[in-house]
2 protein chains.
Amino acid sequence: MASLKVYADRRSQPSRAVILFCKINGIEFEEVETSLFTNDLQTPEYQAINPMKKVPAIAHGDFTLFESHAILMYLACSYHVPDHWYPTDLCKRAKLHSVLDWHHANLRYGAMGYLVNTILAPFFGKSPNPEGKADCEHKLVESFSTIEKVWLEGDSKFLLGNDQPSIADISFVSEIMQLHMLPDEERNRLIGPYKKVERWIENVKEATNPHFDQVHKYLFHVISSFKQTT
Amino acid sequence: MASLKVYADRRSQPSRAVILFCKINGIEFEEVETSLFTNDLQTPEYQAINPMKKVPAIAHGDFTLFESHAILMYLACSYHVPDHWYPTDLCKRAKLHSVLDWHHANLRYGAMGYLVNTILAPFFGKSPNPEGKADCEHKLVESFSTIEKVWLEGDSKFLLGNDQPSIADISFVSEIMQLHMLPDEERNRLIGPYKKVERWIENVKEATNPHFDQVHKYLFHVISSFKQTT
């Protein structure tokens, strides 16, 4: 098997999703720290791997790939992980593609956009933007409501009525964990009303620990420093 | 084979992509007109098919699905269409997933957002928003640049260096055709600098006609009426 390199910054939600997936499944890889907001993303060497200048990306032997969902699907197939992560059944896989596609313009847009328009604005060379915040808050809360009512319909432990997690569970919860950057009260205002969502997050943690906590440790260290200086 | 229903409004970019894909590949289906901005999307019957109240969606026998990329992938597998649409090779398929994932927060965000913040604002109960327009214009032009430099790298006729179209080509060009709603001068200002993009659009039309023009006929009829009244 060719060697696997994962180019990642653990402060990035999709980077954590890919690292977590590898660790849970015992996939051997070299983590290449590729730091956001530095020259790491700007070098010609990195842009040959990911011309979008983002993380994560992988190099598996000579094969390179970016976009975290595409990476997770590729790794699931390439390493023959247990079927529940990315089912081979055509209909189950199609439903998983549907929820993964939904993510981009909904949960990702709302959660990342909310942070970029508020506390992370300075890191993106912007000023906090109340109109952008309101737009993203609407999308974020709507996304929690959709997860609660649609994707967690019934009493299933995981998305799509599953009793075991899929790559979507890992992707979505890695995204949501970023909201711990917000003051607790603000975060609770946004997610608190969605009790099934909160239980599901705990289910994903439980199913993926100790890896989940290990992979998120650096994020919480960054958050702790961030909260002390702001 | 179970019967296939496609719930669509041909004014919707992803609806057209799904209809076009079916027609090119001789997939028999019933087109269920599901009109944007009407009660069609609000009925309990439709929400049982697509709780997001959007188009397109499909019902294939008892199996229902929404999100156009998920639908295109499902149909490609279910109907065993020629391999170039959605390659079975793991690496080729992964690259296609990557470009499809990229679409959501880039070309889709930019092109649809530009229209919603300008001429289509009233249809979404909004006022034209200069800040939103500027944000989406930036993303749209950046997306054209990325298509030109990354996805059409080299002299390939189609995305990802391919000499035959994939589902991404259909998805993206269906999206871009919506920009014909803009005055010609405005549209040319946005896309005109990207000559490879313009050639690629012609390649996709040529490879998929007469179906491409047939599927887009209603859009151009709507555009013609729209331009006469504004």
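The following conversation goes through the domains, the symmetry and a salt bridge of this predicted model.

Modeller: Residues are numbered from 1 along each chain as its sequence is written, and chains are lettered from A and ligands numbered from 1 in the order in which they are written. In this predicted model local features need pLDDT of at least 70 and side-chain atom pairs count only at pLDDT 80 or more, while totals for chains, interfaces and linings use all residues, and side-chain values use heavy atoms, with hydrogens and water left out.

Biologist: What makes domain 1 and domain 2 of chain A the two parts into which the chain is divided?

Modeller: The bounds come from an automatic or database domain assignment, which divides chain A into domain 1 (4-81) and domain 2 (86-229). The C-alpha centres of these two domains of chain A lie 20 Å apart.

Biologist: How do you know that domain 1 of chain A is in contact with domain 2 of chain A?

Modeller: Contact means heavy atoms within 4.5 Å, and by that rule 19 residues of domain 1 of chain A are in contact with 26 residues of domain 2 of chain A. By class, the touching side of domain 1 of chain A has 11 nonpolar, 2 polar and 6 charged residues, where Ala, Val, Leu, Ile, Met, Phe, Trp, Tyr, Cys and Pro count as nonpolar, Asp, Glu, Lys and Arg as charged, and the others, Gly among them, as polar.

Biologist: Why is the relation of chain A to chain B called a two-fold axis?

Modeller: The copies are superposed by least squares on the C-alpha atoms of residues with pLDDT of at least 70 in both, and a rotation of 180° with 0.0 Å of shift along its axis places chain A on chain B with an RMSD of 0.0 Å. That is therefore the relation of a two-fold axis. In chain A, the C-alpha nearest the axis belongs to A:His104, 3.0 Å from it.

Biologist: Why is the pair A:Arg189 and A:Glu137 called a salt bridge?

Modeller: The term requires a side-chain nitrogen of Lys or Arg within 4 Å of a carboxyl oxygen of Asp or Glu, and the side chains of A:Arg189 and A:Glu137 meet at 2.6 Å, N to O, so the pair fits the rule. Because A:Arg189 lies in helix H7 (residues 184-191) of chain A and A:Glu137 in helix H5 (residues 130-151) of chain A, the pair ties together parts that are 52 residues apart in sequence; helices here are DSSP runs (H or I, at least four residues), numbered from the N terminus. Over all chains the structure holds 16 salt bridges, whereas the rule finds 0 across the interface of domain 1 and domain 2 of chain A.

Key
Helix = DSSP H or I, 4+ residues; strand = E, 2+ residues; numbered from the N terminus.
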